[in-house]
Amino acid sequence: MKNKGCCLLPGGWAGVGAAPAAAQEKLPPGAKLTKIEARPASISLKNPYDYSQLLLTGTLQTGEQIDVTRMATVEKPANLVNLSANGLARPIADGKGELKFALDGQSVAVPVEITGQKTKVEVSFIKDVMPVLSKIGCNAGTCHGAKDGKNGFKLSLRGYDPEYDYRALTDDLSGRRFNRAAPDKSLMLLKTSGAVPHVGGLLCQPGEPNYELLRNWIADGVQLDMKAPRVTSLEIFPKNPLVPLKEMKQQMAVFATYSDGSRRDVTAEAFVETSNMEVATVDKTSLVTAVRRGEAAMLARYEGAYAATMLVVMGDRKGYEWKETPTNNFIDGLVHDKLKSVKILPSGLCTDAEFVRRVHLDLTGLPPEPETLRAFLNDPRPSKAKRDELIDKLIGSIEFIDHWTNKWADLLQVNRKFLGDKGAAEFRAWIRKAVESNMPYDKFAHEILTASGSNVTNPPASYYKVLRTPDAAMENTTHLFLAVRFNCNKCHDHPFERWTQDQYYHMAAYFAQVGRGEDPTYRGQKIGGSAVEGALPLVEVISDLKGGEVKHDRTGAVTPPKFPYEVAGELAPATAPRREQLAKWITSKENPLFAKSYVNRLWSYLLGAGIIEPIDDIRAGNPASNPQLLDALTKEFTQHDFDVRHMLRTICQSRTYQ
């Protein structure tokens, strides 16, 4: 069939009956298809701006699945739908038909229904215009989203503040960016289309969806609709794709769910980024190219919502054959499941001599004494029995207590510079007692966060002697106990996560009513302070005040305390002191980050790297290397009432550790 022509839309559109433009991509040498599946199974486009990202997945005779979107030939009904080289379908006219794809003797048909092409579409600034401004780069940090904007015009970074952006567009320069009577003469369109000089270059042209959408919004009167549905969640497909060989490609698709329950394909406006460019790269159309064997997280970002999936580039694994390996506990089974999925054989067990050195260093920070090593090596019992016995002997030993006291003293900044000799000694002694008694981790964190009184008589109160402002206390607390970097969203919404600038100040408000007064017993005794405060009292009394608020830097308004996400279960009443409310929320068994962040930290201490790495950066774009394992460890920790020694013992006893 002949190509009936192509439209001005980007992406190399394929005409009627033609194969997609990138059809020169071929199956791997020797590969044989057994099935082709399409996602979505059918396409329904209801307005001129609607589209659908097709993903064609082929199953090989080996059982592996690959992206064949750009390999298959296609037959499609005339003048009904346009299909880009990457499989993005856009409407031409109302009607029904079928897209028929074929490759290597396999085929699949996708029903298509197009409606509403002659119906006037009310373009929403929130739902339609803002995503376009983001996609073409207007509010990027290198353009008008920079701290001071560009050429006298500033937008909020990545569009986190639509109302501010609307005012900037319509009020600045007396609104001269728009010509409602002649939309094509609007400066906003003249610059983006290159009709007048624009440092940002050519961004869209007449006939392209982005241009026409902006034009229609201007023609309709440049309306602001703050009540428009907002994005509540994001999904990226396919889930955990596997690319068999380097240089092969995988198309991604992104879907948004809105507050009114509607769902929308947003692939063309979403941003998909890779966590590891040495493993996989991705272009502006969300097409991923495999570079070398390895894993890379693919992060989708759209209108303040985020989703991620792990992409594996398998590489040539000829000759691989899984060998059944014994397991010591649930950890090993979950590790083996992951190794099987990426075709890696587990390492062998370390020798008894290696184990003794390893477990001593990890649990006590010290190498074993020569006589300890000799006794272990001369013990005729099976390795597992004597290894388990050694683990039990080391956990709770004096050396163990000293080692883990040091770790927490570092994390809690036990330092004479902040606390003086007396305060530092008492805080360290309190930590040591907590480690020695195996204080449950939730109680440990709760006592620190709610501590009141003199920081000498109640040492965990030293936490607030070190962290003296609401923002410093909040940033440290979320970082330490939740592994969330909340400092990134102080000046604007977090660039790689769902956290917003508003949430930063809502969280800081929980620390706004911390009182600090000089302990009369030590009156007149000082220690070094900051350049702003000067010398500080040697000992302070920490308390909960009745007043004290945080003002939002952007709005100047007082910001009430509010948690950034809901946690099921019993929490402190709203009448309780703010620190008590916060501590109860953080340490809840239902808080998805509290237990997870600590078991990930323990895993990193024992195995050298976290399941999430870095260990203090849990976010959508930094997913776990083995999420099933991390979830199982988290469940084990909470079911055993935050028993740290139990978790250390469980990990050390695993074959994976050994």
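Trainee: Which residue stands opposite Phe 271 in strand 19?

Mentor: Strands of a sheet pair through backbone hydrogen bonds, either parallel or antiparallel. Here the residue opposite Phe 271 is Arg 301 in strand 19. Strand 16 (residues 271-274) pairs with strand 19 (residues 294-302) in the antiparallel sense over 4 bridges. Two strands pair if DSSP finds at least two bridges between them. Strands (E, at least two residues) and helices (H or I, at least four) are DSSP runs, numbered from the N terminus.

Trainee: What are the numbering and the model based on?

Mentor: Residues are numbered from 1 along each chain as its sequence is written, and side-chain values use heavy atoms, with hydrogens and water left out. The model is predicted: local features need pLDDT of at least 70, side-chain atom pairs count only at pLDDT 80 or more, and totals for chains, interfaces and linings use all residues.

Trainee: Which side chains of strand 16 are buried?

Mentor: Buried means under 20% relative accessible area, exposed over 50%, and partly exposed in between (1.4 Å probe, protein chains only). Along strand 16 the side chains alternate: Val 272 and Thr 274 point to one face and are buried, while Phe 271 and Glu 273 point to the other and are not.

Trainee: Which strands stand at the edges of the sheet with the order 21-25-22?

Mentor: That open sheet has 3 strands with antiparallel pairing. Strand 21 (453-454) and strand 22 (514-518) are at the edges, each with a single partner strand, so one side of each has no neighbour in the sheet. Strand 21 pairs with strand 25 (residues 540-544) over 2 bridges, and Gly 453 has Ile 542 as its bridge partner in strand 25.

Trainee: At what angle do helix 8 and helix 18 cross?

Mentor: Axes are lines fitted to C-alpha atoms, for helices over the stretch in contact, and angles run from 0 to 180 degrees between N-to-C directions. The axes of helix 8 (residues 383-394) and helix 18 (residues 644-653) come within 10 Å and cross at roughly 155 degrees. That makes helix 8 roughly antiparallel to helix 18. Angles under 35 degrees count as roughly parallel, over 145 as roughly antiparallel, 65 to 115 as roughly perpendicular and the rest as oblique.

Trainee: Which residues make the contact of helix 8 with helix 18?

Mentor: Contact means heavy atoms within 4.5 Å. Helix 8 contributes Asp 388, Ile 391 and Asp 392, and helix 18 contributes Arg 649, Cys 652 and Gln 653.
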